[in-house]
Amino acid sequence: MIVSALLTSVGINVVICVLYFTFYSILRKQPSYNHVYIPRLVAEGKTKKSSGDFHLDRLLPSTGWVRRAWQLSEDDLLSSTGLDAVVFMRIFTFSVKVFTVAAVIGIFILLPINYFGTQIHASDFAGIPNKSLDLFSIANVNDGSKRLWVHFCVIYFITAFVCYLLFIEYKYISSTRIAYFYASKPQPHQFTVLVRGVPVSRLGKFSESIRSFLMEYHSSTYLSHTVVNTPSRIKSLIEVPAAFVSFKTRYGAAVASDMRQSDNPTEWVTEQAPEPRDVYWPFFSPSFMQRWISKLVVVVLSIVLTVLFLIPVVFVQGLANLDQLKTLFPFLKGILNITFVSQVITGYLPSLILTLFLKIVPPIMMLFSSMQGFSSYSRIERSACTKVLIFTVWNIFFANVLSGSAFRQVDTFLEPKNIPTKLAVLVPAQASFFIAYVVTNGWTSLSSEIFRVAPLLCTSVKNCVGSHDDEAPSLPFHSEVPRILFFGLLGLTYVFLAPLILPFLLAYFCLGYIIYRNQLLDVYQPRYETGGKLWPTVHNSTIFSLLLLQTIAIGIFGLKKLPVASTLILPLLIITLLFNEYCRKRFLPIFDSHSAESVIKKDRDNENDPTMPEFLEKLPTAYRDPALKPNQESAGNQDHSTPLLSSV
């Protein structure tokens, strides 16, 4: 790709972003679109009634929402949206710090070194728009040049800087998670354990089995239990071998959830219960064998989806090659020879098509994750987040690299000893595509996020019929987090290969910081709260990005006839792995469960709380399947106050 094609792509996306922001700043002032742009405030009853009078300022764009989002403190964000939203925003602050430093180094140090190399041809400032972007990459630095040691030093510095920030973030979020737990009021899930695989008793009732087992092994802390019921085809309730077991203390619940309860690992399987609002009730229907088979099916389906997605990837890479298009479609030569058309096709269209195809992936991965037997929406969404991230890294990064440069050499690439060399050859060749991808998938996705095209169309229709749903949506972590982490991977991978990508990434993270703070205030309402359990995924993804950076560096310095630099990268790779292992041992257990120290301290704090007896009394009725309410209420011979789930 030449510079002018990239500029065309950037120009198109800048225009789209400006239009989105302009229309948003006008439409958000219109009361008829409150359900689009401030649905959270509508659901919470915080919207002001409009007088209906005409005001000219409603038709003028403004930037007041930017100032409001910028001035929001993290404490205010924590109190209004929870720790999960704070952790989500910490991804942006972490990325802004990393790529601010990286962009300064890349633009003012590496970019001049790359451009004034002579590996491709002599460089000057004449006719830059018509030159290849390879002139701005490490490919233009002469083989064996001492200037390559600058790139080597940058790799060491960026790795050290990123690891330092990762440690600071992990430590901060871990301590915030503990403080958030201490500051919380008594919650049902803190005292409740989900028990699965309950064996049937001689009386044929799961409830009797649960009572006798818990009274025998947890008699001092056991409070009550609620057997899970599901509606059958004959409009009656059927017990499922699962129950929510309530304990008198948090410590009792923690002991029961962390310890294996039976010699048979498939029976009396326990885990900490999710929040009542977070429970995914369809989970309880499948048996142990069905859940196990479902996991295998999901693995197969994920592989099939990954393979099928290679079709649009190969098609997109074909669009990026203008000479190949002229060969395949000779009747289009006249159109393709038009400068603007060729720039749009090679610079903008490939990344746009790939972005549109990617829209279907997150909902499919959510469907796959829901089939795996998770007990909560949060577990389903975290699982889908991991699936989407792996899918994106493989299909957008590796598949594009292979199909774009050397698709026939996959067999060679699969040999481990050749991986650094092959990546060193293939990855730099796709720098121009990924720069355009950041602009199209990044900038435009952010502007469409705030403009909310689909909700706008739906609300326009509902305004005509006069019906609205006051329920606010929740932030789709499973689609947004993988996109952010993938852009972080691109930035760290190309930080020394093609530093021209860094300013575009920095602009994306800065825009995202403002836009999502605004959305968290006005649009998204938390569906659940996990206490920031998403951060380990962010940490692991960043470590993988660093390892990928170092692996490519080993191959690059080998190709550039600087074998000493390749050898000296190996210790850095080992140090990064050791750092990750330290963080895993030091911080990850804090995200798995709360310590005995914290739950006992919290229990002691609540001993003199006058509201605790009432809380424990209502605890058995906290977990009720909302889907069963119509069945229960329609039964005329039953009292409406009777619990929907049998409790003891």
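Author: Let's start with a yardstick: a residue is called exposed when its relative accessible area is over 50%, buried when that value is under 20%, and partly exposed in between. One caution before we use the yardstick: what you see above is a predicted model.

Reader: Fine. Let's try it on Lys 561: is that residue buried or exposed?

Author: Lys 561 has a relative accessible area of 55%, so the residue is exposed. You'll find Lys 561 in the loop between helix H24 (535-559) and H25. Its backbone deserves a glance too: phi is near 60°, a positive value in a residue other than glycine.

Reader: Which other non-glycine residue has a positive phi, and of about how many degrees?

Author: Try Arg 452, where phi is positive at about 55°. This residue sits in the loop between helix H20 (431-451) and helix H21 (453-465). With a relative accessible area of 11%, Arg 452 is buried because that value falls under 20%. So there you have one positive phi at a buried loop residue, Arg 452, and one at an exposed loop residue, Lys 561.

Reader: Let's zoom out. How many helices and strands does the chain have?

Author: There are 29 helices and 4 strands. Of the 648 residues in the chain, 52% are buried. As for the surface, the accessible area is about 30100 Å², and carbon and sulfur atoms account for 63% of that.

Reader: And what share of the contacts with a separation of 6 or more joins residues 24 or more positions apart?

Author: That share is 80%.

Reader: On to the interior. How should I read a nonpolar core, and how many residues does the largest one have?

Author: The general idea is that in soluble globular proteins, nonpolar side chains tend to be buried together. Here, the largest nonpolar core has 138 residues, and Leu 490 and Phe 496 have the most contacts inside it. Helix H6 (residues 83-115) supplies the largest share of this core, 18 residues. Another core lies apart from it, with 15 residues, including Leu 214, Tyr 222, Ala 243 and Trp 268.

Reader: What does Phe 496 touch, leaving out residues up to four places away in sequence?

Author: Among its partners are Leu 110, Ile 138 and Ile 155, along with His 151. Leu 549, Ile 552, Ala 553 and Ile 556 are also touched by Phe 496.

Reader: Now a polar residue. Is His 225 buried or exposed?

Author: His 225 is buried, because its relative accessible area is 0%. The residue lies in strand S2 (residues 222-231). Look at its side chain: one polar contact, of 3.1 Å, goes to the side chain of Ser 207, and another, of 2.7 Å, goes to that of Tyr 222. You've met Tyr 222 already, as a member of the 15-residue core.

Reader: What about charged pairs? How many salt bridges does a search of the whole structure find?

Author: Side chains of opposite charge can pair when their charged atoms come close. The search finds 17 salt bridges here. Take Arg 40 and Glu 44, with the closest N and O atoms 2.9 Å apart. Arg 40 counts as buried at 6% relative accessibility, whereas Glu 44 is partly exposed at 29%.

Reader: Which residues form salt bridges with Glu 581?

Author: Arg 584 is one, with closest N and O atoms 2.9 Å apart, and Lys 585 is another, at 4.0 Å. Glu 581 and Arg 584 are 3 residues apart in helix H25 (residues 563-586), so about one helical turn separates them. Lys 585 is 4 residues from Glu 581 in helix H25, again about one turn. For exposure, Glu 581 is partly exposed at 33%, Arg 584 is partly exposed at 38%, and Lys 585 counts as exposed at 55%.

Reader: Which residues are linked in a network of salt bridges?

Author: Have a look at Glu 74, Arg 90, Lys 97 and Glu 169, which are linked in such a network.

Reader: Last one: which residues form a nonpolar patch on the surface?

Author: Phe 288, Met 289, Trp 292, Ile 293, Leu 296, Val 297 and Leu 301 do, and together they have about 640 Å² of accessible area. Pick out Leu 296, which lies in helix H10 (residues 288-308). At 46% relative accessibility, Leu 296 counts as partly exposed.

Notes:
Residues are numbered from 1 along each chain as its sequence is written. This is a predicted model: local features need pLDDT of at least 70, side-chain atom pairs count only at pLDDT 80 or more; totals for chains, interfaces and linings use all residues. Side-chain values use heavy atoms; hydrogens and water are left out. Patches are made of residues with over 30% relative accessible area and no salt bridge: like charges are joined within 9 Å, nonpolar side chains (Val, Leu, Ile, Met, Phe, Trp, Tyr) within 5 Å. Accessible areas come from the Shrake-Rupley method with a 1.4 Å probe; for residues, only the protein chains shown count as cover. A salt bridge is a side-chain nitrogen of Lys or Arg within 4 Å of a carboxyl oxygen of Asp or Glu. Helices (H or I, at least four residues) and strands (E, at least two) are DSSP runs, numbered from the N terminus. Buried means under 20% relative accessible area, exposed over 50%, partly exposed in between (1.4 Å probe, protein chains only). A polar contact is a pair of N or O atoms within 3.5 Å; within protein, one must be able to donate a hydrogen and the other to accept it, and residues adjacent in sequence count only if both atoms are side-chain atoms. A nonpolar core is a set of buried Ala, Val, Leu, Ile, Met, Phe, Trp, Tyr and Cys residues joined through side-chain atoms within 4.5 Å. Contact means heavy atoms within 4.5 Å.
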